[in-house]
Amino acid sequence: MTKPYILAVDDDPDVLGTLSRALSREGFEVSRANSGLEALKMLGMRRPDLLILDIMMPGLDGLTVCRRIRADHQYHDLTILFLTARGHTDDIVAGLDAGGDDYVIKPFELPELTARVRALIRRGQRTALIESPILDLGGLHLDSSTHQVTVYDSHPIQLTSTEHRLLRYLMEHASQALSPQHLLEAVWDYPPNTGDPDLVRAHVRNLRSKLEPDEESPRFIRTIHGVGYMISG
């Protein structure tokens with residue numbers, strides 16, 4: 001069986017060494033890049049199953065790298081895990097807004113990191129096995145083969161991998177109020193009672209910015225106060 005391939009990007013050689021050793025022991029194939037430019041070059045040579053990307057790097061930082069990747073249609077579904085320094089909450093929000101799927105705060109615990117990586121890899125493998133790529137619900141038309149959604153026959157809107165999975169899950173469970181913790185387990189594949197609900201809130205906000213004519217009065221993804229989120233047609 002082919003090993004999942006991970007590209008790790010960080011300007012700190014100690015962090016890269018730790019990532020490479022830990023993930024290699026877990027059965028992953030790992031390549032390293034010590035700058036944003038090197039990462040983009042390596043990405044063009046071979047597509048990884050997961051990109052681990054530090055936000056704070058000299059020159060081309062992680063946010064810029066992520067935006068460039070998402071601007072290229074062939075990488076719309078590439079899974080991106082950001083590394084960010086503790087306490088830099090603005091970086092977390094900016095990373096998710098730039099198209100990141102998840103984040104880990106440095107200094108990280110290796111068991112947490114490897115568990116997060118395994119969950120992200122599993123998600124990508126399950127997405128590839130979707131049998132019915134088309135979903136229609138009350139003006140939303142979602143095509144899982146392209147990760148694009150149209151709203152009332154408008155122009156297709158490109159979604160990231162996580163935005164697509166979140167929207168698809170909400171559409172498959174229409175008219176059900178789903179808590180952030182439920183979504184972390186179902187969409188992000190987190191173990192019970194783990195993960196950050198703010199991760200869900202950030203991706204819901206990004207989805208609304210793409211789908212809703214009026215984000216303050218959402219037509220599709222509604223907030224059910226005290227519970228979570230619900231989509232209705």
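Colleague: How many residues of domain 1 are in contact with how many of domain 2?
Modeller: This is a predicted model, in which local features need pLDDT of at least 70 and side-chain atom pairs pLDDT 80 or more, while totals for chains, interfaces and linings use all residues. Residues are numbered from 1 along each chain as its sequence is written, and side-chain values use heavy atoms, leaving out hydrogens and water. With contact meaning heavy atoms within 4.5 Å, the counts for domain 1 and domain 2 are 19 residues and 21 residues.

Colleague: What distance separates the centres of domain 1 and domain 2?
Modeller: The bounds, from an automatic or database domain assignment, are 5-128 for domain 1 and 134-231 for domain 2. Taken over C-alpha atoms, the separation of their centres is 23 Å.

Colleague: What area is buried between domain 1 and domain 2?
Modeller: The size of an interface is often given as the accessible area lost when the parts come together. Here that loss is taken with a 1.4 Å probe and summed over both parts. Carbon and sulfur atoms give 44% of the area buried between domain 1 and domain 2, which is about 1,600 Å².

Colleague: How many residue pairs are in polar contact between domain 1 and domain 2?
Modeller: A polar contact is a pair of N or O atoms within 3.5 Å; within protein, one must be able to donate a hydrogen and the other to accept it, and residues adjacent in sequence count only if both atoms are side-chain atoms. With both residues at pLDDT 80 or more, the count between the domains is 13.

Colleague: Which element gives the most residues to the side of domain 1 that touches domain 2?
Modeller: Helices (H or I, at least four residues) and strands (E, at least two) are DSSP runs, numbered from the N terminus. Helix 4 (89-98), strand 5 (102-106) and helix 5 (110-127) each supply at least two residues of that side. With six residues, the element that gives the most is helix 5.

Colleague: How many salt bridges does the rule find across the interface of domain 1 and domain 2?
Modeller: A salt bridge is a side-chain nitrogen of Lys or Arg within 4 Å of a carboxyl oxygen of Asp or Glu. D97 and R205 form a salt bridge, 2.9 Å from N to O. Across the interface the number of salt bridges is two.

Colleague: How far apart in sequence are the parts that E29 and R46 tie together?
Modeller: E29 and R46 form a salt bridge, with the closest N and O atoms 2.8 Å apart. E29 lies in strand 2 (residues 29-33) and R46 in the loop between helix 2 (36-45) and strand 3 (50-54), so the pair ties together parts whose separation in sequence is 17 residues.

Colleague: Which loop holds P107?
Modeller: A cis peptide bond joins K106 and P107, with omega about -5 degrees. P107 lies in the loop between strand 5 and helix 5.

Definitions and conventions:
Buried area = accessible area lost by both parts, 1.4 Å probe.
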